[in-house]
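This report describes selected features of the structure shown below. It goes through helix packing, domains, chain contacts and backbone details in turn.

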Amino acid sequence: MSAAFLSDGQSAARVDLLQVAEMVEPGSRVLDVGCGDGSLLRLLAEGRGVDARGMELSQAGVNECVAKGLSVIQGDADTDLAYYPDGAFDYVILSQTLQATRQPRVVVEHMLRIGRRAIVSFPNFGHWRIRLQILFSGRMPVTQNLSYSWYETPNIHFCTIADFVALCGEMDAKIERSTALDRFGHPVRFAMPWSFWNLFGEQAVFVLSRK
Amino acid sequence: MTRSHATSAPVRNEADEPSSEVLRFDATQGLELDCGVVLAPWRIAYQTYGTLNADRSNAILLCHALTGDQHVANVNPVTGRPGWWETMVGPGKPYDTDRFFVICANVLGSCLGTSGPASRDGEGGKARGLEFPVVTVRDMVRAQARLVDHLGIETLFCVAGGSMGGMQVLQWAASYPERVFSAMPIAAAAKHSAQNIAFHEVGRQAVMADPEWHAGRYLELGTRPEKGLAVARMAAHITYLSQPALHRKFGRNFQDRTAPTFSFDADFEVESYLRYQGRSFVERFDANSYLYLTRSMDYFDLAADYDGVLAKAFKGTKTRFCVVSFTSDWLFPTSDSRAIVHALNAAGGSVSFVEIETDKGHDAFLLDVPELLETTRGFIDAAARARGLAPVKKADRA
C-alpha cells in the first residue's frame, strides 16, 4: 500500500523511510501498517534490532515479504487493526498510506490504541507546487511524487500538514515530534511555524502518542 | 470398480507390520484419550529424514492430512509412488533434510502402522475395528508428543502440515507452546465447518451403507467395503479441487468416445477420473480408518477448549507462525486462515500470513506451487536464523 504514493523505482533506499526508521528506538516492537515490499521492516530489523511486524494489503507485497523472511500478514488497515490488543507495540507506523485508507481518523485512533507511539508519514497536499497547479490549471494536481490522475488514484483522502495537525487536536493526540521533508525526502532543516511547513514540506512525518 | 482381494494385502501388512520405524508402548504406558479411554498397548509408526544435531534443535515435525501417511519423502510402500510432499521435503528443498531432522508419524487411527481400527495390536490379536476408541486431533498430537519425547527432543524447530495436518499444527501450538519454536498451518482451520462435517457425513454413510462393511467387522470376515469407500473418496475428492480446475482439466470432454452412449457408463472424462480416484484409494486405505479420521476432524474446534475464544488458545505464545491459504480452496477457505491470524494478532503472537493465488483448490498444498515453496523457504530460513541454526555449506551437500 505504501507504493501507492511513490512512483516506480524509488523503493530501494527511500530517504523518507530512513527518516522514519531513525525515529524508532532500537530493540522495540513495531507494527508497520502498509509495509509494501518490506523495505522499512528490513531497515528496522537489520539496522536497529527491532521486532518488526508488517501488515500489507497487496498479496504480492505480502508474499514477497514473507519469502524474504519478514513477519507480515495480508490485511487491510481499515478493518484488521481492530484485532490487535491495546498496547501490543511500542510503535505503529503508517508510512505513506494514510491517504489511501477509507477512514484515516479511525486508523490513526487504532494506531494510538495498539502502540505506545504512532508514526505517520504522508504527502502534504498543502505544498506550494500543488497549490499553484490547482490555482493555475484548475485541475487536480499530478506531480512527480503524486503521479496518479484523479480517476485512478488509490489516494482517496489527501490532507495538508495543517489538516493533520487539526486532526491530532480533535483526537486529543500529543504530537511528540514532527518533520517536514522536501521533495527528495530530506528534512526541512529549520523549525518553522506549521504554516511554513505546510507550504514548503512535500511530505511530513509525525510521531504521536496518547495524552 | 471390482478388483481381487489379493491387492488388499499391502494395506493390511502396513497396518500390522509397517515398513517404518515403530515405537511401541506396553500395557503400562497407555495413552490417555479425550473420550476417557486409556489406550494400551499402542504403537506409533514414523519416518525420519536427515540428522538430529547435537543440540537437538533442528527437528521439524510434519503432520499428515486425512488420507496421508508418514511416507513424506520416500517411495510409498503401499502405492509404490513418490512421497506425498517431495516438493517440500528433501535435500535443498524448503524443509531441507541436509539441514533439518524431519519426522513424520502416521496419525492415531490411521492404517499405516500406528494403532487404529485396522491394527491387530489389541487384545486377542484381531483387528480392533470399531472397538478402537474414537480419537481426536488432540489425541493424535498427544501420541506425537510421546514420540518426540522418545526421540529426546524438547523443542521442535517447526511443526508443519496441511489440512488435517494443519489442525494438528494448531493443536501442537496450543497444547505445547514452549515445545514449538515455529509453526506452519497450511490450508487449515481452527474448527471444522458445518459444510465440511456434512461432506464427511456423506462419506461415512457411503461406507456404512456398503453391505461389505458388516458393522465395521469386515476385516475379521475377510472382506472390505470397497464400493462404499470408493464413493466416499469420489465425493471428497471433488471438495479438494475447484470448479475452474475441474473445468480446465476435463471440461465436458467425453471419455474415449465422441458422443453420449445413453447409458450410465463413464461417458465423461471427469466421471472416469473420479472412478479411478475411488478405485485407487480403496487399494491403499482402510474404510474404518476413514470413519475415525473424518470424525476427528469434525470434532476439532480449538477455541471450544478455551471458553470459545481462539486467542486464548495462543495466549502468551512465543511461537513464530506462518499461516498459508489458497484462493480457490473452498473446503478450508482463506476466511478460516484469517480467523487464525486474527486470534494470533489478538494474542500478540508473531504471525505471517500468505494467501496464495491458484486455481488448484484445497489440494494446492500438496502440489508444486512455486509461491508455497518460496514462502516456506523464506519463513523457515528466517526462523532458523532466529533459532541460531547455521545454514548448510555447499560442500556439505550430499
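## Two helices in chain B

Helix α4(B) passes helix α5(B) in a right-handed crossing. In this predicted model, α4 covers residues 194-209 of chain B and α5 covers residues 226-240 of chain B. Their axes come within 7 Å and cross at roughly 165 degrees. Because angles over 145 degrees count as roughly antiparallel, α4(B) is roughly antiparallel to α5(B).

On the α4(B) side, the contact is made by B:F199, B:V202, B:G203, B:A206, B:V207, B:M208 and B:A209. On the α5(B) side, the residues are B:G228, B:L229, B:V231, B:A232, B:A235, B:A236 and B:T239. Sorted by class, eleven residues of this contact are nonpolar, three are polar and none is charged.

## Two helices in chain A

Chain A offers another helix pair: α1 (residues 15-22) and α2 (residues 39-48) pack at an angle of about 45 degrees, with their axes 10 Å apart. The helices α1(A) and α2(A) are therefore oblique to each other. The crossing of α1(A) with α2(A) is right-handed.

Helix α1(A) contributes A:L17, A:V20 and A:A21 to the contact, while α2(A) contributes A:S39, A:L40, A:L43, A:L44, A:G47 and A:R48. By class, the contact of α1(A) with α2(A) has six nonpolar residues, two polar and one charged.

## Domains of chain B

How is chain B divided? Domain 1 is made of 13-192 + 302-396, and domain 2 is made of 197-293. The C-alpha centres of these two domains of chain B lie 26 Å apart.

The contact between them takes 27 residues from domain 1 of chain B and 19 residues from domain 2 of chain B. On the domain 1 side, 13 of the residues are nonpolar, ten are polar and four are charged.

## Where the chains meet

Between the chains, 21 residues of chain B are in contact with 16 residues of chain A. Three elements of chain B each supply at least two residues of the side that touches chain A: α10 (334-346), β12 (350-356) and α11 (370-387). Which of them gives the largest share? That is α11(B), with eight residues. By class, the side of chain B that touches chain A has eight nonpolar, seven polar and six charged residues.

## Backbone details

Most residues other than glycine have a negative phi, and most peptide bonds are trans. Two places in the model depart from these patterns.

In chain B, a cis peptide bond joins B:A40 and B:P41, with omega at about -10 degrees. B:P41 sits in the loop between β3 (38-39) and β4 (42-49) of chain B. In chain A, A:D172 is not a glycine, yet its phi is positive, at about 60 degrees. A:D172 belongs to the loop between α7 (161-171) and β6 (173-181) of chain A.

## Confidence

The model as a whole scores ipTM 0.83 and pTM 0.91. For chain B, the mean pLDDT is 94, and 96% of the residues reach 70 or more.

Where does pLDDT stay under 50 in chain B? It does so over residues 1-7, for which the model has six contacts beyond four places in sequence.

Definitions and conventions
Residues numbered from 1 in each chain as written. Chains lettered and ligands numbered in written order. Predicted model: local features only at pLDDT ≥ 70, side-chain atom pairs only at ≥ 80, totals over all residues. Axes fitted to C-alpha atoms, helices over the stretch in contact; angles between N-to-C directions. Helix = DSSP H or I, 4+ residues; strand = E, 2+ residues; numbered from the N terminus. Parallel < 35°, antiparallel > 145°, perpendicular 65-115°, else oblique. Left-handed = near helix turned anticlockwise from the far one by under 90°. Contact = placed C-beta atoms within 7 Å. Nonpolar A, V, L, I, M, F, W, Y, C, P; charged D, E, K, R; others polar. pLDDT = per-residue confidence, 0-100. Domains from an automatic or database assignment.
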